[in-house]
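The following exercises concern the structure shown below, and each is followed by a worked solution. Please attempt every task with the coordinates open before reading on.

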Amino acid sequence: MSTLYQLFKVAENASLEEITKAYHQILEKADSLPQNEKIIEQTRKIKIAYDILSNPEKRKKYDADIASERANQLLKNIQIKNEEPKITLSNQSNTDLPESETAKVQPKPNEIRIKQEIMTQINDITNAYHETILQNKKAEEFAQKQQKRERQKEKRRQKKEEQLKQEMKIQAYGKYLEGQGYKVKYPWTWLRIKRLFIAILSLAISLIILWHIPFVHDTLIDLYNENFVIKFLVNTTQSIFTGIMEAIKSIFNQSK
């Protein structure tokens, strides 16, 4: 069977550089010849062949198809060799032949060895074909997952940019109105809420760290005991959080 590698006169394991070099040599030779329909058609086929062999995925599929076709051809050859030869004699019937002459012809040991080698080659080619198909499938799935992750990443980036642009427009317009003497109330955007949450979380972490410093801890305790306003705010905040936690616990208990 003829292959695209034979068209470029390179080995089947040839590198992309070798195939590209042969491709350009063929094109140069074709350009130097008088142009007619035959030359144009051959040039078109050469370009299609190069497109297949220069693309890693297309080349893998093409190599797998070659392996499959060769395996099928070897299988046909074995089926032809497995046909038993028949003895035909003229002017004599089979009933007149001795038993030893009418016996079936036994295959020679050399023929058995050849058949075993061919079967081994078929198994190797078939396994390589299935392995190539599996690798192509895995590579395709990985590429699809990678593309999906890239699309999601790009979508998040665009969304973040849109939120930032919207926030900047609001801030710029607000400063303009403040410059004109207006009292501006900024709307609550998602970016503003996120920044507020980060600020509160950072403050809470800072207070926790300060709370574990001995002299700061004692100072805060004294301030709490001596200042009625701070004591009231702390107790009120603690009561609110306690009530929220109790409500959440009661909801979970009812759901169970």
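**Exercise 1. Determine the class composition of the lining of the largest pocket, and state which elements contribute to it.**

Solution. The model is a predicted one.
- Step 1: sorted by class, the lining of the largest pocket comprises 14 nonpolar, two polar and no charged residues.
- Step 2: the volume of this pocket is about 670 Å³.
- Step 3: of the 16 lining residues, L207, W211, L233, V234 and T237 are the closest to the pocket centre.
- Step 4: the elements that supply two or more lining residues are α7 (190–211), α8 (214–226) and α9 (228–255).

**Exercise 2. Search the whole structure for cavities of 30 Å³ or more, and describe the lining of the largest cavity.**

Solution. The principle behind the search is that rolling a probe the size of a water molecule over the atoms shows where empty space is left.
- Step 1: the search returns one cavity of 30 Å³ or more.
- Step 2: the volume of the largest cavity is about 30 Å³.
- Step 3: its lining consists of E167, I170, Q171, Y186, P187, T189 and R192.
- Step 4: by class, these are three nonpolar, two polar and two charged residues.
- Step 5: helix α6 (residues 109–179) gives the largest share of the lining, three residues.

**Exercise 3. Establish the secondary-structure content of the chain and its share of buried residues.**

Solution.
- Step 1: the chain contains nine helices and zero strands.
- Step 2: read from the N terminus, the order of elements is therefore written α-α-α-α-α-α-α-α-α.
- Step 3: of the 256 residues in the chain, 15% are buried, that is, under 20% relative accessible area.

**Exercise 4. Compare the span of helix α3 with the expected value, and locate its buried residues.**

Solution.
- Step 1: helix α3 covers residues 37–54, and its 18 residues should span 26 Å at 1.5 Å a residue.
- Step 2: the C-alpha atoms at its ends are 26 Å apart, in agreement with that expectation.
- Step 3: the buried residues of α3 are I39, T43, I46, A49, Y50 and L53.
- Step 4: viewed down the axis of α3, these buried residues fall within an arc of 125 degrees, so they line one face of the helix.
- Step 5: the general basis is that an α-helix has 3.6 residues a turn, so residues three or four places apart point the same way.
- Step 6: E37 and K45 are exposed on the other side of α3.
- Step 7: the N-terminal end of α3 is capped by N36, which has a side-chain oxygen 3.1 Å from the backbone nitrogen of K38.

**Exercise 5. Repeat the analysis for helix α2, and examine the surroundings of T20.**

Solution.
- Step 1: the 17 residues of α2 reach 24 Å from first C-alpha to last, close to the 24 Å expected at 1.5 Å a residue.
- Step 2: I19, T20, A22, Y23, L27 and A30 are the buried residues of α2.
- Step 3: seen down the axis of α2, they fall within an arc of 165 degrees, so they line one face of the helix.
- Step 4: the face turned away from this buried side carries the exposed residues E17, K21, E28, K29 and S32.
- Step 5: T20 has 18% relative accessibility and therefore counts as buried, since the cut-off is under 20%.
- Step 6: a polar atom of the T20 side chain lies 2.7 Å from the backbone oxygen of L16.

**Exercise 6. Is K9 buried or exposed, and what is the sign of its phi?**

Solution.
- Step 1: K9 is located in the loop between α1 (4–8) and α2 (16–32).
- Step 2: its relative accessible area is 78%, so K9 is exposed.
- Step 3: most residues other than glycine have a negative phi.
- Step 4: phi of K9 is near 60 degrees, a positive value in a residue other than glycine.

**Exercise 7. Classify the accessibility of H130 and H217, and give one C-alpha separation for each.**

Solution.
- Step 1: H130 belongs to helix α6 and, at 48% relative accessibility, counts as partly exposed.
- Step 2: H130 and A67 are 63 residues apart along the chain, and their C-alpha atoms are separated by 10.0 Å.
- Step 3: H217 belongs to helix α8 and is partly exposed, with a relative accessible area of 24%.
- Step 4: H217 and L207 are 10 residues apart in sequence, with a C-alpha to C-alpha distance of 10.0 Å.

Note on methods
Residues numbered from 1 in each chain as written. Predicted model: local features only at pLDDT ≥ 70, side-chain atom pairs only at ≥ 80, totals over all residues. Heavy atoms only, no water. Helix = DSSP H or I, 4+ residues; strand = E, 2+ residues; numbered from the N terminus. Expected span 1.5 Å × (residues − 1). Buried < 20%, exposed > 50% of the residue type's maximum accessible area, 1.4 Å probe, protein only. Arc of directions from axis to C-beta. Polar contact = N/O pair within 3.5 Å; in protein donor to acceptor, adjacent residues only side chain to side chain. 1 Å grid on protein atoms, 1.4 Å probe; cavity = no way out; pocket = protein on both sides within 12 Å on 5 of 7 lines; lining within 4 Å. Points joined across faces, edges and corners; volume = space filled by probe spheres on them. Nonpolar A, V, L, I, M, F, W, Y, C, P; charged D, E, K, R; others polar.
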